[in-house]
Amino acid sequence: MGDAGCLFIVATPIGNLGDFTDRGKKILQECDLIACEDTRVTTKLLAHLKVGKSMISYREENERKQAQFLAGEITKGRRIALLSDAGYPGISDPGFRLVRECRKKNLEVIPIPGPNAAITALAASGFPTHHFLFLGFPPKGKASFENLLRKWQDFEGSLIFYQSKYKMESTFEILQKVYGEDRFLAVARELTKLHENIEVGTISYVRQKIQDSSKKGEFTLVLAPHDFVL
């Protein structure tokens, strides 16, 4: 690293801590400050890596304020690493505002790639990977979610989105209402963890498999194109 300030966007493991990269560890060892979503979660990662470093909270609730502060610190020459609890900062996690602020100020932004649940689930689904759309977390209201699914009903690639364990049953209801029972779906749960589970089949088949299994963890869903068959 040089003397100039910069922002490192550091991907973190989505479950298995062994997936953290050597390059990422080196960045954490040499940076001046770690901005992270939850200091308790990042403390566990740092302990695993045997890295001691000062941390500051950067989460959805304080993102606007902290983005201004951290960009100011980078302007002064500090090298800051931005981490999410899991996955890539800015991808359905806090990070966008800080990166945007750095771009506005013409500050250097260096991405440190690594695990991502959406891409991991897509690659393991067996569905088309050359053309896909990531929808993040769906809208909270059922009507809004339905409208989103209808908008992309005839999309020629795979659709990917995240969902909370508490909303999986209602999600299946909406999927069957909009797409019917026979469209192909992959649901990945606890990716890279001990109880990793990936179910692939028709919506009705996967729904039954999920109902009969544990609801623990975050879910990543991948919908195949409407004319796709295994």
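**Chatting through a predicted model**

Q: Where does serine 92 lie?
A: Serine 92 is in the loop between strand E4 (79-83) and helix H4 (96-104). One thing to keep in mind while we chat: this is a predicted model.

Q: What's up with the phi of serine 92?
A: Serine 92 has a positive phi of about 60 degrees, although it is not a glycine. Most residues other than glycine have a negative phi, so that's worth a look.

Q: And how exposed is serine 92?
A: Serine 92 counts as partly exposed, because its relative accessibility is 29% and that class runs between 20% and 50%.

Q: What about lysine 50, what is its phi?
A: Lysine 50 isn't a glycine either, and its phi is positive, at about 60 degrees. You'll find lysine 50 in the loop between helix H2 (39-49) and strand E3 (55-57).

Q: Is lysine 50 buried or exposed?
A: Exposed: lysine 50 has 75% relative accessibility, and the cut-off for exposed is over 50%.

Q: Switching to helices. How far apart are the end C-alpha atoms of H7?
A: They're 16 Å apart. Helix H7 covers residues 168-179, which makes 12 residues, and at 1.5 Å a residue it should span 16 Å, so the two values agree.

Q: Hang on, 12 times 1.5 Å isn't 16 Å. What am I missing?
A: The expected span uses one less than the number of residues, so you don't multiply by the full 12 of H7.

Q: Got it. Which residues of H7 are buried?
A: The buried ones are Met168, Thr171, Phe172, Ile174, Leu175, Gln176, Val178 and Tyr179.

Q: What covers them?
A: The cover includes two helices, H6 (142-151) and H8 (203-211). Strands E7 (158-163), E8 (184-189) and E10 (219-223) are also part of it.

Q: Where's serine 170 in all this?
A: Serine 170 is in H7 too, but it is partly exposed, with a relative accessible area of 22%. Its C-alpha is 8.3 Å from that of lysine 142, though the two are 28 residues apart in sequence.

Q: What comes just after H7?
A: Glycine 180, which has a positive phi of about 80 degrees.

Q: Okay, the nonpolar core. How many residues are in the largest one?
A: There are 21, and those touching the most other members are Phe172, Leu175, Leu185, Val187 and Leu223. H6, E7, H7, E8, H8 and E10 each supply at least two residues of this core. H7 gives the most, with 6 residues.

Q: What does valine 187 touch?
A: Leaving out residues up to four places away in sequence, valine 187 touches Met168, Phe172, Asn197, Ile198, Glu199, Val206, Ile210, Phe219, Thr220 and Leu221.

Q: What about another core?
A: Apart from the largest core lies another, of 18 residues, and Ala35, Ala67, Leu70 and Tyr88 are among them.

Q: Now rings. How many aromatic pairs are there?
A: The structure holds 6 aromatic pairs. One of them joins tryptophan 152 and phenylalanine 155, which are edge-to-face, with 85 degrees between the planes and 5.8 Å centre to centre.

Q: How exposed are those two, tryptophan 152 and phenylalanine 155?
A: Tryptophan 152 is partly exposed, with a relative accessible area of 25%, while phenylalanine 155 counts as buried at 13%.

Q: Which rings make a cluster?
A: Phe127, Phe184 and Phe228 are linked into a cluster by ring pairs.

Q: What sits over the ring of tyrosine 179?
A: The charged end of arginine 183 does, 4.2 Å from the ring centre.

Q: Last topic, cysteines. How many disulfides are there?
A: The count comes to 0. Take cysteine 31: the nearest cysteine sulfur is that of cysteine 6, and it is 9.2 Å away. Cysteine 31 is buried, with a relative accessible area of 2%.

Q: And why is cysteine 36 not bonded to cysteine 31?
A: Because its closest cysteine sulfur, the one in cysteine 31, is 10 Å off, which is too far for a bond; a disulfide needs the sulfurs within 2.5 Å. Cysteine 36 is buried as well, with a relative accessible area of 0%.

Notes
Residues numbered from 1 in each chain as written. Predicted model: local features only at pLDDT ≥ 70, side-chain atom pairs only at ≥ 80, totals over all residues. Heavy atoms only, no water. Helix = DSSP H or I, 4+ residues; strand = E, 2+ residues; numbered from the N terminus. Buried < 20%, exposed > 50% of the residue type's maximum accessible area, 1.4 Å probe, protein only. Contact = heavy atoms within 4.5 Å. Phe/Tyr/Trp six-rings, centres within 6.5 Å; stacked < 30°, edge-to-face > 60°. Lys NZ or Arg CZ within 6 Å of the ring centre and 35° of its normal. Core = buried A, V, L, I, M, F, W, Y, C linked by side-chain atoms within 4.5 Å.
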